[in-house]
Amino acid sequence: MSHAPGTGIGGTPIAEEALRAARVLHPDANSMPRPARRRVITVANQKGGVGKTTSTVNLAAGLALHGVRTLVIDLDPQGNASTALDVDHRSGTPSVYELLLGETTLADAAQASTQSENLLCIPATIDLAGAEIELVSMAQREARLKEGLTREALEAIDVDYVFIDCPPSLGLLTVNALVAADEVLIPIQCEYYALEGLGQLLNNIELVQRHLNQTLTVSTILLTMYDGRTKLADQVTQEVRRHFGDVVLKTIIPRSVKVSEAPGYGQTVLGYDPGSRGAMSYVDAAREVAERGTNRELRP
Ligand SMILES: Nc1ncnc2c1ncn2[C@@H]1O[C@H](COP(=O)(O)OP(=O)(O)OP(=O)(O)O)[C@@H](O)[C@H]1O
Ligand SMILES: [Mg+2]
């Protein structure tokens with residue numbers, strides 16, 4: 001085998017991929033800091049298909065594989081996060097629906113993911129599809145999820161991070177997620193109309209801050225599906241950074257086939273192809289989330 005002079009075996013693409021895989025899969029040398037206190041992060045954007053679920057499961061896996069116990073709450077009736085984390089979400093399984101109704105506890109509904117022993121998931125079943133309407137007539141309808149996430153309940157499952165994956169709407173499910181969280185993470189796709197609807201999302205967050213959850217902050221924006229071959233992706237990146245400054249993570253998630261293939265195998269991209277750029281970028285993004293804590297925030 002020949003390789004460029006001076007680069008040695010370490011300079012070949014295969015060796016680089018192996019090095020990336022080692023960084024993703026060998027947590028001991030690269031463990032991530034635990035937060036000073038437990039962080040509950042809602043992943044929201046009412047625009048569909050921007051990478052909410054993909055970012056939720058892969059950031060959570062990034063933390064979990066590096067020793068930080070993490071819970072994913074699937075709050076979308078589509079159940080995509082449950083699929084990606086390979087947890088049972090057939091109708092009748094204790095799920096986030098029963099949690100909202102107060103009929104189950106976190107400990108009873110949480111399932112271990114096959115991806116990591118540190119990664120738990122509260123699944124969404126098809127029953128959640130009716131919840132948006134059923135919640136309307138319930139007492140404390142905006143705070144049902146928060147009531148299920150008491151300190152005792154979270155201590156019982158011993159997690160440092162909770163990520164809540166929202167559906168693509170600003171309805172009561174997303175409001176429940178915003179009320180239950182300390183932070184919002186907004187994924188933005190590096191595509192046309194990326195900023196469309198963002199004003200509406202920020203307005204809703206402001207309403208929740210004013211009336212329901214004063215301590216909520218927009219702590220993180222993550223740019224996703226970046227395609228380096230297009231000028232547009234750079235323009236969107238620059239515009240988002242100009243608008244939102246250092247709330248935007250330095251790490252940008254590239255568009256990558258491996259990222260989109262992984263859920264079909266009930267895996268995160270970290271498990272599916274740990275040497276891929278998609279896996280590496282989610283590990284880098286997870287590390288940024290862990291290292292910057294809640295220092296930066298945006299009050300819309
Ligand atoms: N970095 C990426 N590279 C390639 N494909 C991606 C990437 N991120 C996400 N995708 C794909 O784009 C689609 C939308 O992503 P995802 O489901 O995460 O978005 P979402 O915001 O959760 O969607 P919804 O609003 O329907 O819940 C999926 O098919 C996913 O596999
Ligand atoms: Mg989704």
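Which residues of the largest nonpolar core touch the most other members? Keep that in mind while the model is coloured by confidence, since this is a predicted structure.

**Confidence**

Colour the chain by pLDDT. The mean is 91, and 92% of the residues reach 70 or more. Then select residues 1-8, where pLDDT stays under 50. For this stretch the model has four contacts beyond four places in sequence.

**The core**

Next, select V96, V162, I164, A177 and L178. These are the residues that touch the most other members of the largest nonpolar core, which has 91 residues. Add helix α14, residues 277-292, to the selection: this helix gives the most to the core, with eight residues. In soluble globular proteins, nonpolar side chains tend to be buried together.

Centre the view on V162. Leaving aside residues up to four places away in sequence, V162 touches V40, I41, L71, I73 and L149. Show those five side chains along with V162 to see the contacts from its side.

**A serine in helix α14**

Go back to helix α14 and pick S281, which lies in it. Is S281 buried or exposed? S281 counts as buried because it has 24 C-beta neighbours inside 10 Å, and 20 are enough for that label. Now display T251, I253 and P254: S281 touches these residues, again not counting those up to four places away in sequence. For a distance check, draw a line between the C-alpha atoms of S281 and L270. The two residues are 11 apart along the chain, and the line should read 9.8 Å.

**Two paired strands**

Select strand β6, residues 183-189, and strand β7. The two run parallel and are joined by seven bridges. Within the pair, find I188, which stands opposite L223 in β7. Strand β7 covers residues 217-224 and is mostly covered itself, with seven of its eight residues buried. In a regular strand the side chains alternate between the two faces of the sheet.

**Around ligand 1**

Finish at ligand 1 and select the 19 residues around it. Those that come nearest are K52, T53, T54, P168 and S260. Two elements give two or more residues to this shell: α2 (52-65) and α12 (257-261). Of these, α2 provides the largest share, three residues.

Colour the shell by residue class to close the tour. What classes make up the shell around ligand 1? There are 11 polar residues, five nonpolar and three charged.

How values were computed: Residues numbered from 1 in each chain as written. Chains lettered and ligands numbered in written order. Predicted model: local features only at pLDDT ≥ 70, side-chain atom pairs only at ≥ 80, totals over all residues. Core = buried A, V, L, I, M, F, W, Y, C linked by C-beta atoms within 7 Å. Buried ≥ 20, exposed ≤ 12 C-beta atoms within 10 Å, placed from the backbone. Helix = DSSP H or I, 4+ residues; strand = E, 2+ residues; numbered from the N terminus. Contact = placed C-beta atoms within 7 Å. Near = placed C-beta within 6 Å. Nonpolar A, V, L, I, M, F, W, Y, C, P; charged D, E, K, R; others polar. pLDDT = per-residue confidence, 0-100. Pairing = 2+ DSSP bridges.
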